[in-house]
Amino acid sequence: MKLEKTKYEGIYFLQNNRRGLIVTKNLTPGKSFFNEKVIEINNEEYRNLDPTRSKLAAAIVKKISLVPIKQQDKILYLGASHGYTPSFLSDVIGEKGILFCLDFAPRVVRDLLFVCEERKNMIPLLADANKPETYKDRITEVDLIYQDLAQKNQVEILIKNLQFLKKKGYAIIAIKARSIDVTKSPRIIYKETENKLNQYLKIIDKKELDPLQKDHCIFICQKR
Ligand SMILES: C[S@@+](CC[C@H](N)C(=O)[O-])C[C@H]1O[C@@H](n2cnc3c(N)ncnc32)[C@H](O)[C@@H]1O
């Protein structure tokens, strides 16, 4: 198997006989939490990020122009759920990065806690992303906001949280068209989303994620 660097920091491509895998270097060797494929190369462990489980991985398969995540970054993750995609961001930012993992569902945060216990750069927050005032004293300014919430007011939630993003910092937002309006065509929703985002952020790239993530689109944005 051949490990290749990609243009995205900390994200590699592993070519095996049948297909290519997106992988990151495991920050916690010997420990994985999501039944993901783990591959050992030169005494180091790499974990497979599955594009059918992660919108970020789907965007990479779709050749998004930029994944603005680097070592030592501070990230606010809105909609961390059980921590699947967050754990890969945790690999990329490394021990000196910080990932604030926020979710409002106690059931998933309970699972997230086990991941955060082992991964010291992940900090769990049980809170509603609609109410930044309830967690503003528990986080710092961040380099990136990653949002994957599947809510009707997804864009408004991101805008409320921009107060935590540093100038020229980045925002990655995954939009689930069916959560916004089931009666409208996803393409119309993506266009409306783009228009709204444009008022607050510079849009660097966007990719529709079908068929890997049905009726989803991801936007990479930058604070002006
Ligand atoms: C699609 S899942 C996220 C999956 C995760 N990003 C991943 O790739 O591993 C959406 C999550 O957003 C959370 N969520 C939805 N609305 C929220 C809100 N207003 N505040 C905090 N979490 C929210 C849900 O509880 C759910 O766990």
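**Exercise 1. Identify which of the residues around the ligand come nearest, and describe the shell that they belong to.**

Solution. Step 1: the shell contains 18 residues, where a residue counts as near if one of its heavy atoms lies within 4 Å of the ligand. Among these 18, the nearest are Y77, T85, D103, D148 and Q151. The model is a predicted one, in which local features need pLDDT of at least 70 and side-chain atom pairs count only at pLDDT 80 or more, while totals for chains, interfaces and linings use all residues. Residues are numbered from 1 along each chain as its sequence is written, and side-chain values use heavy atoms, with hydrogens and water left out.

Step 2: sort the shell by residue class. Nine of its residues are nonpolar, five polar and four charged. Here Ala, Val, Leu, Ile, Met, Phe, Trp, Tyr, Cys and Pro count as nonpolar, Asp, Glu, Lys and Arg as charged, and the others, Gly among them, as polar.

Step 3: assign the shell to secondary structure. Helix α2 (84–93) and strand β7 (98–103) each supply at least two residues, and α2 gives the most, with three. Helices (H or I, at least four residues) and strands (E, at least two) are DSSP runs numbered from the N terminus.

**Exercise 2. Determine which polar atoms lie close to N or O atoms of the ligand, and how much of the ligand the protein buries.**

Solution. Step 1: apply the polar-contact cut-off, a pair of N or O atoms within 3.5 Å. An N or O atom in the T85 side chain is 2.6 Å from a ligand oxygen. A nitrogen atom of the ligand lies 2.9 Å from a polar side-chain atom of D128. A polar backbone atom of A129 is likewise 2.9 Å from a ligand nitrogen.

Step 2: turn to the area. The ligand alone exposes 610 Å², of which the protein buries 86%; accessible areas come from the Shrake-Rupley method with a 1.4 Å probe.

**Exercise 3. State whether α2 is buried or exposed, and what follows it.**

Solution. Step 1: a residue is buried under 20% relative accessible area, exposed over 50% and partly exposed in between (1.4 Å probe, protein chains only). Because 10 of the 10 residues of α2 are buried, this helix is largely enclosed by the rest of the structure. Among them are Y84, T85 and F88.

Step 2: G94, just after α2, takes a positive phi of about 75°.

**Exercise 4. Establish how many disulfides the structure has, and examine C116 and C221.**

Solution. Step 1: with a disulfide taken as a pair of cysteine sulfur atoms within 2.5 Å, the count is zero.

Step 2: C116 is in no disulfide, the nearest cysteine sulfur being that of C101 at 4.8 Å. C116 counts as buried, at 8% relative accessibility.

Step 3: C221 has its closest cysteine sulfur in C217, 10 Å away, which is too far for a bond. C221 is buried, at 0% relative accessibility.

**Exercise 5. Count the aromatic pairs and classify Y12–Y46 and Y135–F164.**

Solution. Step 1: rings of Phe, Tyr and Trp (its six-membered ring) pair if their centres lie within 6.5 Å; planes under 30 degrees apart are stacked, over 60 edge-to-face, and the rest tilted. There are six such pairs.

Step 2: Y12 and Y46 have ring centres 5.7 Å apart and planes at 80°, so they are edge-to-face. Since Y12 lies in β2 (residues 12–15) and Y46 in β5 (residues 44–48), the pair ties together parts 34 residues apart in sequence. Y46 is buried, at 5%.

Step 3: Y135 and F164 are tilted, at 5.8 Å centre to centre and 35° between planes. Both Y135 and F164 are buried.

Step 4: ring pairs also link F33, F34, Y84 and F88 into a cluster.

Methods:
Polar contact = N/O pair within 3.5 Å; in protein donor to acceptor, adjacent residues only side chain to side chain.
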